[in-house]
Amino acid sequence: MLEIVFSNGRIGAKIVKIIGVAEGAKINSDLLAKEDVALIKKQAADCRFDGKLGRVMETYGKSGRILVIGLGKKPAELSLQNAGGALASKLFNDEVAAYYVEKIKGCNLNEEQIAHNLAFGLLLGTYRFDKYFTTKKPEEYPNLERVIFKVKNPAEVNENFKNYAALANAVRYGRDLCNEPANYLTPEVFADDIKRLEYLGLDVDVLDYKALKQNDFACLLSVAQGSEKEPRVAVIKWKGNPNSDKWELGLVGKGVTFDSGGISIKPSSGMEEMKQDMTGAAVVVASMKALALQCAHKNVVGVVGLVENMPSGSAVKPGDVVTSMSGQTVEIINTDAEGRLVLADCLWYIQKEFAVNKLIDVATLTGATARALGNEYAGIFANDDALANDLIDAGERSGERLWRLPISEGYNKMINSDFADMKNIGGVSAGGSTAACFLQRFVKPEVKWAHLDIAGVDAEKKGRPICPKGATAFGIRLINQYLR
Ligand code: BES
Ligand code: MN
Ligand code: ZN
C-alpha cells in the first residue's frame with residue numbers, strides 16, 4: 001500500500017513535484033523555483049490549462065518534472081479527494097512524488113485539511129484488485145511507493161491523519177471482500193476473515209450452522225438450504241467506551257456471497273455481479289474495522305448474515321412458509337427476494353441480544369431502488385426523521401449520498417399474505433418500499449432504524465478517480481462520518 005509522508009524536508013531533484021491550482025486562479029508557488037513558475041504559466045496559456053478538477057499538466061523545469069493539478073472551482077474536501085484520485089493515475093510510473101501544500105485561492109481549507117484530503121484520495125485512487133492476474137508484467141503494475149506532502153507543520157498534520165489512514169484502510173479492505181469471487185469468498189471463509197479482525201481488539205463471535213439452528217435463524221437458513229456451502233452469522237463488537245455498558249449503534253449487513261436467485265433463478269446476463277451481493281456485510285465489517293483502527297470511543301455492535309443463495313433439490317421453494325426468529329411467519333413467493341429473509345433474523349437477533357436503540361442496516365436489496373436512483377444516490381428508508389437526516393447529512397459530507405424513499409401503511413399492506421403473516425415480495429411496483437416495509441416488521445417500534453439500499457451503488461462500472469472498476473464498498477465512509 002502507498003506510503004503517505006508529511007514532511008518539511010528537502011525534496012530531491014529526481015522526485016516529481018506537484019502543485020495544485022483552483023479553477024480560474026492564477027498559478028503561483030512560493031516553493032518552486034521562480035523560473036519554473038514562469039515556465040508553468042506560459043505552458044498553461046499554451047495548452048489552455050484552467051485548473052479544472054482533475055486535469056493535470058506536466059512540465060519539465062529547473063526543479064525536474066512538475067505536475068500541476070486542477071483542483072476545480074472553490075475546492076472543498078470532496079473535490080480535493082477526487083483530485084488526489086486523479087493524481088494517482090498520473091503517477092503510475094513514478095516511485096516517489098512530492099506535493100507542495102500551499103494556500104489555495106478561494107478555498108478556506110487549511111494546510112492540514114488540504115493535505116489530508118488529497119492523501120485520502122490518493123489512497124483510494126491507488127486501490128487495485130489484481131491478485132488474479134498471472135501474466136501481467138511488472139511495468140503494468142503501478143510503481144508509486146511514496147507520496148510526500150510538504151507541509152509547514154508535519155508533526156501535527158501527521159498525527160491527525162490517522163483517522164483518514166484508518167478509513168482508507170477499511171475502504172480498501174471492504175473493496176477486497178466485495179471483489180473477491182464467490183468460489184473463494186464463501187460464507188465460511190468470510191466468517192474466518194472477520195474472526196481474524198480480533199487482532200485489532202474487536203470481539204468476534206461466529207455462529208455456525210448448529211448455532212444458527214439453535215437460535216432459530218429459520219428465515220436465514222431457508223435461503224442457505226439450497227447451497228452446499230454452510231451459512232454463518234458473525235457478531236462483531238467494538239467496545240471503545242468502557243465507561244458505558246450500552247450499545248450506541250447496531251449495524252446489520254446483508255452478506256449473500258452469491259445470489260443466483262435460487263429456484264426463482266436470475267437471468268444469466270450479468271449474474272456474475274451477484275458475487276457482490278455481500279456488500280452490505282462487507283460495509284458493516286469494514287466499518288467496525290475502521291472504528292477499531294481509529295480507537296473510536298464508541299460502543300458499536302455489528303451483525304452480518306452470510307449465506308449463498310442457490311437452486312437445488314434442497315432449496316426453498318415458492319409457496320413455502322417459514323417461521324422467522326421473531327415468530328412471525330413468511331410465505332416465500334420469490335426465492336430471489338432473499339436478502340430481506342437474511343436481514344429479518346439478523347435484525348431480530350441484534351435487538352434481542354444487545355438492546356440497541358439505534359439500528360442501521362446495509363444491503364444490496366432491490367433492483368427497484370437501483371433503477372430509481374441509479375448510481376448517484378443510495379436509498380434510505382427510516383422510521384425516524386432525525387436519524388435519516390443525520391445520515392443524509394453524513395452522506396453529503398462523505399460523498400456517499402443518500403436519498404430518502406418512503407415507507408407507509410399502504411406499502412406495508414402490499415406484503416400481506418393469504419397463507420402466512422406476510423409474503424416476501426409486494427407487487428410489481430414500489431419494490432424498494434415494500435422491501436423496507438418487510439424489514440420494518442422485524443424492527444421494534446421503539447428502535448430508531450434506517451435501512452440503506454445500496455443495490456445501485458455497490459459497483460463502479462466505468463471507474464472514477466477514487467474508485468477503479470469493481471466494488472465501491474459504498475457506505476463505509478458514510479457510516480464513519482455519521483459516527484464521528
Ligand atoms: N441482490 C438482489 C438485488 C440487486 C439487484 C442487487 C441488482 C444489485 C443489483 C436481490 O436479492 C434481488 O434479487 N431482489 C429482487 C427482488 C424481487 C424478486 C422482489 C429484485 O430487486 O429484482
Ligand atoms: Mn435476490
Ligand atoms: Zn440478493
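## Terms for the metal sites

Six donors around a metal count as octahedral if opposite donors are over 155 degrees apart and all others between 65 and 115; an arrangement that fits none of the defined geometries is irregular. Donors here are N, O and S atoms within 2.8 Å of the metal, and water is not among the atoms, so sites may look incomplete. The structure described below is a predicted model.

## The manganese ion

The manganese ion (ligand 2) has protein donors from Asp 259 (OD), Asp 336 (O), Asp 336 (OD) and Glu 338 (OE), which lie 2.1 to 2.2 Å from the ion. Asp 336 therefore appears in this list with its O atom as well as with OD. Along the chain, the donors of the manganese ion follow the pattern D-x76-D-x1-E.

Why is the arrangement around the manganese ion (ligand 2) irregular? The 6 donor atoms subtend angles of 71 to 166°, and this spread makes the arrangement irregular.

## The zinc ion

Four residues coordinate the zinc ion (ligand 3): Lys 254 (NZ), Asp 259 (OD), Asp 277 (OD) and Glu 338 (OE), at 2.0 to 2.4 Å. Their spacing in sequence is K-x4-D-x17-D-x60-E.

Around the zinc ion (ligand 3) the 6 donor atoms subtend angles of 78 to 175°, which makes this arrangement octahedral. Ideal angles for six octahedral donors are 90 or 180 degrees.

## The link between the metals

Which residue bridges the manganese ion (ligand 2) and the zinc ion (ligand 3)? The bridge is Asp 259, and the two ions lie 3.1 Å apart. Glu 338 is listed among the donors of the zinc ion and among those of the manganese ion, in each case through OE.

## Ligand 1 and its surroundings

Ligand 1 takes up the space of the largest pocket. Around ligand 1 there are 15 residues, of which Lys 266, Asp 277, Asp 336, Glu 338 and Gly 367 come nearest. By type, the shell divides into 7 charged, 4 polar and 4 nonpolar residues. Among the nearest residues, Asp 277 is also a donor to the zinc ion, and Asp 336 is also a donor to the manganese ion.

Polar contacts include a side-chain atom of Lys 266 at 2.8 Å from an oxygen atom of ligand 1. The side chain of Lys 254 has an N or O atom 3.2 Å from an oxygen atom of ligand 1, and a polar backbone atom of Leu 365 lies 3.4 Å from a nitrogen atom of the ligand. Taken alone, ligand 1 exposes 520 Å², and the protein buries 77% of that.

Methods
Residues are numbered from 1 along each chain as its sequence is written. Chains are lettered from A and ligands numbered from 1 in the order in which they are written. This is a predicted model: local features need pLDDT of at least 70, side-chain atom pairs count only at pLDDT 80 or more; totals for chains, interfaces and linings use all residues. Side-chain values use heavy atoms; hydrogens and water are left out. A residue is near a molecule or strand if one of its heavy atoms lies within 4 Å of it. A polar contact is a pair of N or O atoms within 3.5 Å; within protein, one must be able to donate a hydrogen and the other to accept it, and residues adjacent in sequence count only if both atoms are side-chain atoms. Accessible areas come from the Shrake-Rupley method with a 1.4 Å probe; for residues, only the protein chains shown count as cover. On a 1 Å grid over the protein atoms alone, a cavity is a set of points where a 1.4 Å probe fits but cannot get out, and a pocket is an open set with protein on both sides within 12 Å along at least five of seven lines; lining residues have an atom within 4 Å of a point. A molecule sits in a cavity or pocket if more than half of its atoms lie within 2 Å of its grid points. Ala, Val, Leu, Ile, Met, Phe, Trp, Tyr, Cys and Pro count as nonpolar, Asp, Glu, Lys and Arg as charged, and the others, Gly among them, as polar. Donors are N, O and S atoms within 2.8 Å of the metal (3.2 Å for Na, K and Ca); water is not among the atoms, so sites may look incomplete. Four donors count as tetrahedral if all angles lie between 85 and 135 degrees; four count as square planar and six as octahedral if opposite donors are over 155 degrees apart and all others between 65 and 115; anything else is irregular.
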